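Please open the structure in your viewer and keep the selection panel at hand. The tour goes from one selection to the next, with a pause at each stop to look around.

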Amino acid sequence: MVTFEETAAEPHGATAARRTAAKYVVELIGTFFLVFTVGTSVRSGSPLAPLAIGAVLMVMIYAGGHVSGGHYNPAVTLAVLLRHRIIPRDAVRYWIAQLVAGLLAAALVRAVIDPAQPAAPTLLTLDHHTIGAAFVVELLFTFALCYVVLNVATSKSHPDNSFYGLAIGFTVMAGAFAVGAISGGAFNPAVTIGAAVMGMFAWPTLWVYLAAQLIAGAAAGATFLALNPDDR
């Protein structure tokens, strides 16, 4: 079995390159299963969709967090970038992996879920009455998610803790139960774009989600640094 430990037969540069590539693959895998679970659980009409989504995020974080940090979310990666725990080059590659994974998962969901089944959800559209509400709830719970990630997974106060995956998964589950009926409960640009491809979100109002989520990620990163000035 090949491990990430350097061997005498392998140059240090090759080991570093393999570790770097592994981070992007882990981000792709974790984001894929997150978006796939969102699509299959919601489009099949499961009443336990928020529980399934929170659970798959939790297990994927435990599975890959030690390799990539387990972001699986471009807004989280933005927050971690501003918090100085990832370099810009890696952040861009994380974003590419996450968005590609979301598109692949969305395509597979469309292939395995029959859109004609009675339980299939209708397209979520926003009008001038609901667009503000969707922006607010996506902003709040994306901020909560990114803020929790920074505190439980990157803080010097919690080295090698065992609860980070559970805390992050429960944040998403709570948000999905609380505001899923208002905005759809995406809290993640990869999920948002994937949901649009799956016919769950309307393309013309996608900017509402993406703007709220990216603003929230940046705000979480700035808030963490303001509250923890010595944790850099």
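In this predicted model, begin by selecting helix α4, residues 88-112, together with helix α7, residues 189-197, whose axes come within 8 Å of each other and cross at roughly 30 degrees. Because angles under 35 degrees count as roughly parallel, α4 and α7 are described as roughly parallel to each other. If you turn the view until one helix lies in front of the other, you can look for the handedness of the crossing of α4 and α7, which is right-handed. Next, show the side chains where the two helices meet: α4 contributes Q98, L99, G102, L103, A106 and R110, while α7 contributes A190, I193, G194 and V197. Colouring this contact of α4 with α7 by residue class brings out six nonpolar, three polar and one charged residues.

Now move to another helix, α2, which covers residues 49-68, and select S68 within it. Is S68 buried or exposed? With a relative accessible area of 6%, S68 falls under the 20% cut-off and is therefore buried.

Keep S68 selected and display its surroundings, where, leaving aside residues up to four places away in sequence, S68 touches K23, V26, E27 and Y94. Which side chain shares a polar contact of 2.7 Å with the side chain of S68? That partner is E27, so add the side chains of both S68 and E27 to the view and follow the polar contact that joins them. Finally, select G70, whose backbone nitrogen is reached by the side chain of S68 at 3.1 Å.

Terms used: Residues are numbered from 1 along each chain as its sequence is written. This is a predicted model: local features need pLDDT of at least 70, side-chain atom pairs count only at pLDDT 80 or more; totals for chains, interfaces and linings use all residues. Side-chain values use heavy atoms; hydrogens and water are left out. Helices (H or I, at least four residues) and strands (E, at least two) are DSSP runs, numbered from the N terminus. Buried means under 20% relative accessible area, exposed over 50%, partly exposed in between (1.4 Å probe, protein chains only). A polar contact is a pair of N or O atoms within 3.5 Å; within protein, one must be able to donate a hydrogen and the other to accept it, and residues adjacent in sequence count only if both atoms are side-chain atoms. Contact means heavy atoms within 4.5 Å. Axes are lines fitted to C-alpha atoms, for helices over the stretch in contact, and angles run from 0 to 180 degrees between N-to-C directions. Angles under 35 degrees count as roughly parallel, over 145 as roughly antiparallel, 65 to 115 as roughly perpendicular and the rest as oblique. A crossing is left-handed if the near helix is turned anticlockwise from the far one by less than a right angle, and right-handed if clockwise. Ala, Val, Leu, Ile, Met, Phe, Trp, Tyr, Cys and Pro count as nonpolar, Asp, Glu, Lys and Arg as charged, and the others, Gly among them, as polar.
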